[in-house]
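Subject: Structure handover

Hello,

Please find below the structure I said I would pass on. My notes on it follow.

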Amino acid sequence: MNDDRGSIWRKWDLHIHTPFSVLNNGFGEDFDSYVKTIFKSAIDKNISAIGITDYFSIDGCKKIINEYISKEEKLKEIFTKSEIEQVQKILILPNIELRLHDLVDGRRINFHVIFSNEVSIRDIEEHFLHELDFVHESMPFEKDNTRKLKESNLIELGEKLQKEQGEFEGQSPLYTGMLTATVQHKDISEILQDSRFLKKYLIGVPSDEDLSKIKWTGQGHMVRKSLIQKSNFLFASAQSTIEFGLGKKHNSTDEFIEEFKSLKPCIWGSDSHDFEKLFEPDLERYCWIKADTTFEGLRQIIFEPEERVFIGKSPQFIDSVNNNPTKYFNKVVVKPVDSYSGKNGKWFENTTINFNSGLCAIIGNKGKGKSAIADILGLLGNSKVSITENKDGLFSFLNKSKFCKKGFAENFNATLYWNDGTNKTRNLSEDIDFTDNEKIKYIPQKFFEDLCSTQEDDNFREELNNVVFSRVDSKYKLAKTSFHDFIEYKSELITNDIESSIIRLKEINSTIIALHQKQSPEYLASIENKIKGKKEELAAHQKIKEEITVIKNPSEDKQLSEEQRAKSESISKITEQQNTIQSEIDKTEKKQEQLEINKFELERILEDITDLEENFSLWKSERNELFKKYELNIEKLVKFKADKEQISVKKNLIDAELKKIEIILSNESQKGDDGNELSFFIKKEQILKEKSKLEGELEKPFKDFHDYQLKLKEWETKKKEIEGSSDTPNSLLFFQNEKNYIENVLAQELKTSITTRNDIVKEIFEKKREIQDIYNNIKKSISDLLSKYSSDQEISLETSFEFDSEFFKSFHRNYVNRYGAFYQKDDSFLRELTNKYDFDEENQVVEFLNMLVGLEIHFKENSELNFLNYLFSLEYLNPRYNLKLNGKSLRELSPGERGGLLLIFYLILDKDDKPLVIDQPEDNLDNQSVSEILVPYIREAKKRRQIIMVTHNPNLAVVSDADQIIRMNIDKENDFLVSQISGAIENPSINKAIVDILEGKMKAFNNRRLKYQDN
């Protein structure tokens, strides 16, 4: 029976005997009772296929088929109408059990041949059984006397032996004949080459012993090996023998196949000879086969010996489906709305597709409706492919340029039915509801193409992060619900340390910029020019002195009055007082300047302490609940004490000192307690008045002399001003000192500053490595999973430091003009530079940074400092997960390899168990990528989630052993009517559809298990 749902797990029992099993019949002679019992029991125990077994005979199967199954009236005598319907669905296969002539370890070996129900009973009887020979008698020097394997000949043998051996007395001649007759396995093989039996039989050998433990060095080696070699299956239920037959006890399956010619699936049955054991094998070792209930379905176990057969109570897949009914859907129905007139085409006229719970492959030529079904499932499952694009931007069928244009999609509704009994109906013109839950994960063709072709993979990496986090054991997630929150929480203290380092980095960058500016030839030239200018100014000033007429002190002239000499001396003394006061003013102003600096620094210290107090208070309020959770008193456990009084005392002393200075530097009169003037400026003013009065009373000689002294004083003052000192800006000594600094000190100071910056960068990088350690610690489960399935292809998940894509965007947008090497319109030169360095190595990171800033860079206005702070902070360089194939990262892979790796992500790594719909993934894959990379992971993924795979390459469906194949078609000649056929690969109609597509469009893989080509 072919099922449109494809290959379904069902219980098969291919080894039950009939009353014609003369050697061991516990059923009695009432055949009606036998037939009634076995089929009612099969119905009760959900047995879908039965192997009717007899020794050397097909009589039991012949009687069941010819006298019961083919006779409706006879069935009505035994069964009800509903029972008849169920009986007729049960597959009945002839199983002939033969005893071989060969001995292994002193025991005869039984051989089973299971025939297709399409082979006639007559052909099996006349052209197989009656063609086999058994030895009837032997004579010395003569050829063995043989007989054909017929009941009459077996009876004759029994009669003969009973006459010759008294031990056989009491047995029926047929019993004795069957007990002693043997056949040659080579004869079985030769007779089965008859075209009547081609592809319509399977040979099996029972294995009561554990084949993984037997010794292969005995005399029975070749007999045992040749029997296993020609067998299609083993009758066995022990797990160790099952693993042996699958090649798992050998170094490799290829090695096993080399020795035993094919893998050997194990099947099992109740081997019932009485009603009590009927369909009840020991230890509940039921035989489950995933296939149509047809002989061709049974044949699939030789192609998929592990995945198509299960021995035990129930396959895990069935339990998973039954226990998670909200994760599997079983049917979609698409039909027009009641008001649709059909003027724009028939399209979906009550289109109904039943779905398998495993891997469903939707096939068909281009434009035949494959993607239409995928889009409909994506819509009904509310698939949130991208939070930035709706279905119109990603769906290939349900978009406004195609079926969602006016007059089409709005005329059709689709309903999806889930295993839990719920259903969802939506109009095909509707959009994805981002507020509702996603029930189906959909990877449209365009979304997949974008992932495969783009160099930027931030979206994929975000999904990868979430997948890694999903596989972290809940007890290690620290109550966080997302990867981002988890990393942020775990790295909080590390981030704080990095921020502290960045504060120091900004200070050193400012210093380095200033040093670089001073190191420029232009700056040195400007200093040298200023020195030259000051020297020229000093020389010119020297000439001024030479032009001043020297005037002797007239006090030495005895002819001048005593009064004039006295006034002249008074003026000289007043001048000295004036100079003294001016000196005090200069000294006090410098003191005032320093005290203001001291005051500012103390105020800043007080502000810092206040900030610390506020931050500590905030920290306590944020952590208080956490402390309470563990019955801890945060006020008692954690304290912060700052003695600001000492700082305040010092600041108050400075304030007092500044107040005094303010008085003595005041331009207004300030009297002391004793009535004396305190203001230096007032004192100076009073002296100048007195001096001016005296100067007005002097005669010309004295006036000339004092003018001469004033000119000398002014000249000396100007000379000192030009010469200055090393800390007097804009003076000769200042510029000479600056030049000496540039030539002898600056280079070392710059080198020291750069070393300090490099050390800060290393600090930051080491802290980021601590964050990388967090990434590494939580990826173990993923690494173990990849290791489990990475056999032919090495797939690994690694962490590495990589640039955020924003780095390349902001480089020119915010900081650097396109000039010189950076003139390109894109960022290719910058990417070329980054590709030369390994950013997982600390020294390489530092080397790259210094190389980059050493290039000729033309900064945007006022952006140099911001650029250096950004560059050396490493905020753009972060640990990332990197999914690799054979050592190559996503960016290094070919489109085919990249596509395969991305699909592996969704198939295996993604822990999400909701149905997965993938639209035409092979468009980005070559055949080698499909067979070597993709297929093993599709096979594994279908064990744990429902997968709908749209493909125009049926090869992919075949080699992946799809559980169901759905062939879509849109008949444009019939008003665009959508139709489909579905079923298992072994279904003849589906098999033909696969061949038609392959022959019409592409070559088949050179693959050992193409079902429509294998013998």
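This is a predicted model. I begin with a charged residue that lies inside: Arg939 has a relative accessible area of 15% and therefore counts as buried, since the cut-off for buried is under 20%. Its partner in a salt bridge is Glu304, and the closest N and O atoms of the two are 2.6 Å apart. Glu304 sits in the loop between α12 and β11, while Arg939 belongs to helix α34 (residues 927-941), so to speak of distant parts of the chain is fair: the two are 635 residues apart. Glu304 is buried too, with a relative accessible area of 5%.

Salt bridges elsewhere

A search of the whole structure gives 62 salt bridges. One of them joins Lys248 to Glu306, with 2.6 Å between the closest N and O atoms. This pair also links distant parts of the chain, 58 residues apart: Lys248 is in the loop between α10 (239-245) and α11 (253-260), and Glu306 is in the loop between α12 (295-303) and β11 (309-311). Lys248 is partly exposed, at 47% relative accessible area. Glu306 is likewise partly exposed, at 41%.

Another salt bridge pairs Lys914 with Glu438, where the closest N and O atoms are 3.6 Å apart. Here the residues are 476 places apart in the chain, with Lys914 in the loop between α33 (895-909) and β20 (916-919) and Glu438 in the loop between β16 (423-427) and β17 (441-443). Lys914 has 12% relative accessibility and for that reason counts as buried.

There is also a network: Lys290, Arg308, Lys942, Asp961, Asp963 and Glu986 are joined by salt bridges that share partners. As general background, side chains of opposite charge can pair when their charged atoms come close.

Helices α6 and α7

Which residues of helix α7 (residues 173-180) are buried? They are Leu174, Thr176, Gly177 and Met178. These buried residues pack against β2 (47-55), β3 (91-104) and α6 (151-164).

Helix α6 also holds Lys160. With a relative accessibility of 18%, Lys160 counts as buried, because the limit is under 20%. If its neighbours within four places in sequence are left aside, Lys160 is in contact with His136 and Glu137.

Helix α21 and two surface patches

Two patches on the surface involve helix α21, so I take them together. Glu607, Asp608, Asp611 and Glu614 form a negative surface patch. Of these, Glu607 lies in helix α21 (residues 562-629) and counts as partly exposed, at 49% relative accessibility. On helices in general, an α-helix has 3.6 residues a turn, so residues three or four places apart point the same way.

The other patch is nonpolar and consists of Leu626, Tyr630, Leu632 and Leu637, which together have about 410 Å² of accessible area. Leu626 lies in helix α21. Its relative accessible area is 40%, which means that Leu626 is partly exposed.

Where to look

When you open the model, you could start with the salt bridge between Glu304 and Arg939, then turn to the buried residues of α7 and what they pack against. The negative patch that includes Glu607 and the nonpolar patch that includes Leu626 can come after that.

Regards

How values were computed: Residues are numbered from 1 along each chain as its sequence is written. This is a predicted model: local features need pLDDT of at least 70, side-chain atom pairs count only at pLDDT 80 or more; totals for chains, interfaces and linings use all residues. Side-chain values use heavy atoms; hydrogens and water are left out. Patches are made of residues with over 30% relative accessible area and no salt bridge: like charges are joined within 9 Å, nonpolar side chains (Val, Leu, Ile, Met, Phe, Trp, Tyr) within 5 Å. Accessible areas come from the Shrake-Rupley method with a 1.4 Å probe; for residues, only the protein chains shown count as cover. A salt bridge is a side-chain nitrogen of Lys or Arg within 4 Å of a carboxyl oxygen of Asp or Glu. Lys and Arg count as positive and Asp and Glu as negative; His and the chain ends are not counted. The place of a charge is taken as NZ of Lys, CZ of Arg, CG of Asp or CD of Glu. Helices (H or I, at least four residues) and strands (E, at least two) are DSSP runs, numbered from the N terminus. Buried means under 20% relative accessible area, exposed over 50%, partly exposed in between (1.4 Å probe, protein chains only). Contact means heavy atoms within 4.5 Å.
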